[in-house]
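Please open the model in a viewer and keep the selection panel at hand. The tour proceeds stop by stop, stating at each one what to select and what is found there.

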Amino acid sequence: MEENKQCIECGRDFFGRSDKKFCSDGCRSAYNNKITGGSDKLVRKVNRILKKNRSILQKLNPDGKTTTHRDQLLKAGFDFDYHTNTYTTKEGRQYAFCYEYGYLPLEKDFVLLVKREESN
Ligand SMILES: [Zn+2]
């Protein structure tokens, strides 16, 4: 079925199949370049850091709970700027999590590593 469409890249009206979004190949690649070159790139970068952080925590914490030094994490390439969520205890101590693996900064640059048990 052919119908009147509007190009989502340049806004021009064109006639085409109902699943067509662009008036031309040029508009399609311009649009896709913007997507992959922009926000997707950032998302991929952050995802990569989070996955790396998670695998470092997993490697340093095979038993689900341990204490390590901040330097061990840094040496492994851990990035303290990125985590998926935080958890604050009643005492006001804040854990940072990368997926199910978390850490709590202790005194003298020691770090408590924990693993959240998934209940579902
Ligand atoms: Zn177009």
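The stops below cover a metal site, a sheet, a loop and the salt bridges of a predicted model.

**Stop 1: the zinc site**

Begin by selecting the zinc ion together with Cys 7, Cys 10, Cys 23 and Cys 27. The SG atoms of these four residues coordinate the metal at 2.3 Å. What arrangement do the 4 donor atoms adopt around the zinc ion? The arrangement is tetrahedral, because the angles subtended by the donor atoms run from 104 to 115 degrees. Along the sequence, the donor residues follow the spacing C-x2-C-x12-C-x3-C.

Now keep only Cys 10 and Cys 27 highlighted. Cys 10 sits in the loop between strand E1 (2-6) and strand E2 (13-17), while Cys 27 belongs to helix H1, so this pair ties together parts that are 17 residues apart in sequence. A surface display may be added here: Cys 10 is partly exposed, at a relative accessible area of 39%, whereas Cys 27 is buried, at 9%.

**Stop 2: helix H1**

Next, select helix H1, which comprises residues 25-37, and show the side chains of Asp 25 and Arg 28. These side chains form a salt bridge with an N to O distance of 2.4 Å. The two residues are 3 positions apart, about one turn of the helix. Are they buried or exposed? Asp 25 counts as exposed, with a relative accessibility of 56%, and Arg 28 is partly exposed, with 38%.

**Stop 3: the other salt bridges**

The count for the model comes to 3 salt bridges. Side chains of opposite charge can pair when their charged atoms come close. To view another of them, select Arg 17 and Asp 19, whose closest N and O atoms lie 3.1 Å apart. Arg 17 is partly exposed, its relative accessible area being 44%.

Then move to Arg 54 and Glu 100, whose side chains meet in a salt bridge at 2.7 Å, N to O. Which parts of the chain does this pair link? Arg 54 lies in helix H2 (residues 39-60) and Glu 100 in the loop between strand E5 (94-98) and strand E6 (101-105); these are distant parts of the chain, with 46 residues from one partner to the other. Arg 54 is partly exposed at 23% relative accessible area, and Glu 100 is buried at 17%.

**Stop 4: the sheet**

Switch to a ribbon display and colour the strands in the order E3-E7-E6-E5-E4. They make up an open sheet of 5 strands with antiparallel pairing. Its edges are strand E3 (65-69) and strand E4 (85-88), each of which pairs on one side only. On average, neighbouring strands of the sheet are turned by 30 degrees against each other, direction ignored.

At one edge, select E3 and E7: the two run antiparallel and are joined by 5 bridges. Within this pairing, Thr 67 has Leu 112 in E7 as its bridge partner.

At the other edge, select E4 and E5, an antiparallel pair joined by 4 bridges. Here Thr 86 stands opposite Ala 96 in E5. The two strands form a hairpin with 5 residues between them, and Gly 92 in its turn has a positive phi of about 85 degrees.

**Stop 5: the loop between E6 and E7**

Finally, centre the view on Leu 106, which lies in the loop between E6 and strand E7 (110-115). Which residues does Leu 106 contact, leaving aside its neighbours within four places in sequence? The contacts are with Thr 67, Val 111 and Leu 112. Thr 67 and Leu 112 are the bridge partners met at the previous stop. Leu 106 counts as partly exposed, at 32% relative accessibility. For a distance reading, select its C-alpha atom and that of Asp 79, 27 residues apart along the chain: the separation is 17 Å.

In this loop, select Lys 108 as well. Its phi is near 55 degrees, a positive value in a residue other than glycine, and Lys 108 is exposed, with a relative accessible area of 70%. Asp 109 is also found in the loop between E6 and E7. The phi of Asp 109 is positive too, near 65 degrees, and this residue is partly exposed at 43%.

Note on methods
Residues are numbered from 1 along each chain as its sequence is written. This is a predicted model: local features need pLDDT of at least 70, side-chain atom pairs count only at pLDDT 80 or more; totals for chains, interfaces and linings use all residues. Side-chain values use heavy atoms; hydrogens and water are left out. A salt bridge is a side-chain nitrogen of Lys or Arg within 4 Å of a carboxyl oxygen of Asp or Glu. Buried means under 20% relative accessible area, exposed over 50%, partly exposed in between (1.4 Å probe, protein chains only). Donors are N, O and S atoms within 2.8 Å of the metal (3.2 Å for Na, K and Ca); water is not among the atoms, so sites may look incomplete. Four donors count as tetrahedral if all angles lie between 85 and 135 degrees; four count as square planar and six as octahedral if opposite donors are over 155 degrees apart and all others between 65 and 115; anything else is irregular. Contact means heavy atoms within 4.5 Å. Two strands pair if DSSP finds at least two bridges between them. Axes are lines fitted to C-alpha atoms, for helices over the stretch in contact, and angles run from 0 to 180 degrees between N-to-C directions.
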